[in-house]
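Welcome! Please take a look at the structure below, and then we can walk through some of its residues and its interface together.

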Amino acid sequence: MCLSALVAAGTAGASSARADEATGRWTGHVGARGNYYYERSTRVMAPRADVQLESPTGTRIDADYLVDTITSASVATGVTDDVSFTEVRHEVGMGLSQPFDLAGDELRIGATGRLSLEPDYDSFDAGVLVRLDLANRATVLEMGLGYRHDAVRRSVRMLALSGRLQEVERACSDDPAIDCGLDVLSASATWTQSLNRTMELRLGYDLSFLRGFQWNPYRMVPVNGVPTPEHHPDTRFRNGFTARLIWHVPSSRTSLQIMPRVYVDSWELAAFSGELRIYQEVEPVLFRLRYRYYAQTDAYFYRPAAAIPMGTRYVTADPKMEAFSGHTIGGSIELAMPFLEGTFLDFARRATIDVVFDYTFQDSSFGNAAHAQIGGRIPF
Amino acid sequence: MRLIARCLLVAAAASSAACATVAPYEREYLSRRGVDLTNERGEDAFRAHVLLSREGATPGATAGGGGCGCN
């Protein structure tokens, strides 16, 4: 079945065929979401808005905008522990895709772009996505390719002649030989398979190659008591293997998800995460409980500060490079609003509102963390 | 060894199920709110950004951005 569909895909003409072509109606949704993240030394507030439009012929346009407002007292953000400061990041994303009819199956080809700007870090990425729906969507194959370029700076507060503190931009390092750019090439592939009427399995693989500046320009490492700028290797090759099994139990309207992930990279950092989600429908409410376990080994160049000999090439105090583990528990409530049908708010009868809360217990230097979200979505 | 054998068993089961057709009228349960996760994309996007700056094993395809200066 799959083989015949693939052969047909290769020979059929690429023409659009959508159900909404008959009505000439555009569909889509608008959404808004507030995010809050809290840990010992960092708070993040990040409102986000997104919109999706789909033309009668299936052309899909996505756009989203996010503002991160980060208040931190961490040395990792460039200030001393007893001083906090606020930094704002703007992120804009765009996507455009077009479906092609392949003898009853669908091929969708799309492109994405994303721009993130903040005082000391700019990032731009672009990607191409290909999705092939086979056998009435029982099999979905997706592939993605991406390129990202980041530019890193230091934003330093200096005392101006006027006696006031002033933000000054500096290169990422005092060493002029260090390139302050980071280039990333990435690729991903996923295979989603409906196993039967109630089960779906997704398998995925992603890899990326990074070359350039990959450490924190502010962070200093005490080497024999001498503060030394952090320095990681310039190249990194990363691999992630993911799976997701979903099982819906019709009699109780319960859905279960199991999501394991294994990760290895060329810095000899290996990680495992496993997540279990339980969804319970009690119309018009959807309850969700989630538990996630995460554990990683340390990178090959990670050493406690007291154990770093003078002259060591790569030094780090990055908590992400150390071995640690964590447990996240959380819950969410999503409310659908079919009861608005026929009222003056009829336009929102398919809308949903949700509240999410997660708490992470972990033994990394970042400490425990709380994460809350409130969001809404109106399809049209 | 037993773990590898179990993994192979799961892979074989998945392979045998591959290309099995679930007709459109049989997809009711796979379209339920607890199965169709398109609603969670916004939630997952922010969560992925948090993990990017707090764990060493960020998915390679995740969009970039330094976030809080802690690349």
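In which strand of chain A is the place of A:Val223? It is strand S11, made of residues 220-223; strands here are DSSP runs of E with at least two residues, helices are DSSP runs of H or I with at least four, and both are numbered from the N terminus.

Before we go on, note that this is a predicted model, in which local features need pLDDT of at least 70 and side-chain atom pairs count only at pLDDT 80 or more, while totals for chains, interfaces and linings use all residues. Residues are numbered from 1 along each chain as its sequence is written, chains are lettered from A and ligands numbered from 1 in the order in which they are written, and side-chain values use heavy atoms, leaving out hydrogens and water.

**Three residues of chain A**

A:Val223 counts as buried because its relative accessibility is 5%. Buried means under 20% relative accessible area, exposed over 50%, and partly exposed in between, with a 1.4 Å probe and protein chains only. Setting aside residues up to four places away in sequence, A:Val223 touches A:Thr228, A:Ile308, A:Pro309, A:Met310 and A:Val315; contact means heavy atoms within 4.5 Å. A:Val223 and A:Gly311 are 88 residues apart in sequence, and their C-alpha atoms lie 8.9 Å apart in space.

Next, find A:Ser72 in strand S3 (residues 60-72) of chain A. With 2% relative accessibility, A:Ser72 counts as buried.

A:Arg277 belongs to strand S15 (residues 270-282) of chain A. It counts as buried because its relative accessibility is 5%. Beyond its neighbours within four places in sequence, A:Arg277 is in contact with residues of chain A, including A:Ser255, A:Met259 and A:Arg288, and also with B:Glu40, B:Asp44 and B:Arg47.

The table lists polar contacts of A:Ser72 and A:Arg277. A polar contact is a pair of N or O atoms within 3.5 Å; within protein, one must be able to donate a hydrogen and the other to accept it, and residues adjacent in sequence count only if both atoms are side-chain atoms.

| Side chain of | Partner | Distance |
|---|---|---|
| A:Ser72 | A:Ser41, backbone oxygen | 3.4 Å |
| A:Ser72 | A:Thr42, side chain | 3.4 Å |
| A:Arg277 | A:Glu275, side chain | 2.5 Å |
| A:Arg277 | A:Tyr279, side chain | 3.3 Å |

**Chain B and its interface with chain A**

Chain B has two helices and zero strands. Of its 71 residues, 49% count as buried.

How many residues does each chain bring to the contact? Chain B gives 49 residues and chain A gives 89 residues. The area buried between the two chains is about 5,500 Å², with 52% from carbon and sulfur atoms; buried area is the accessible area (1.4 Å probe) that two parts lose on being put together, summed over both.

Across this interface of chain B and chain A there are twelve salt bridges, each a side-chain nitrogen of Lys or Arg within 4 Å of a carboxyl oxygen of Asp or Glu. One of them joins the side chains of A:Arg288 and B:Glu40 at 3.3 Å, N to O. Between chain B and chain A, 18 residue pairs are in polar contact, both residues being at pLDDT 80 or more. On the side of chain B that touches chain A, the elements giving two or more residues are helix H1 (2-17) and helix H2 (41-54) of chain B. H2(B) gives the most to that side, with twelve residues.
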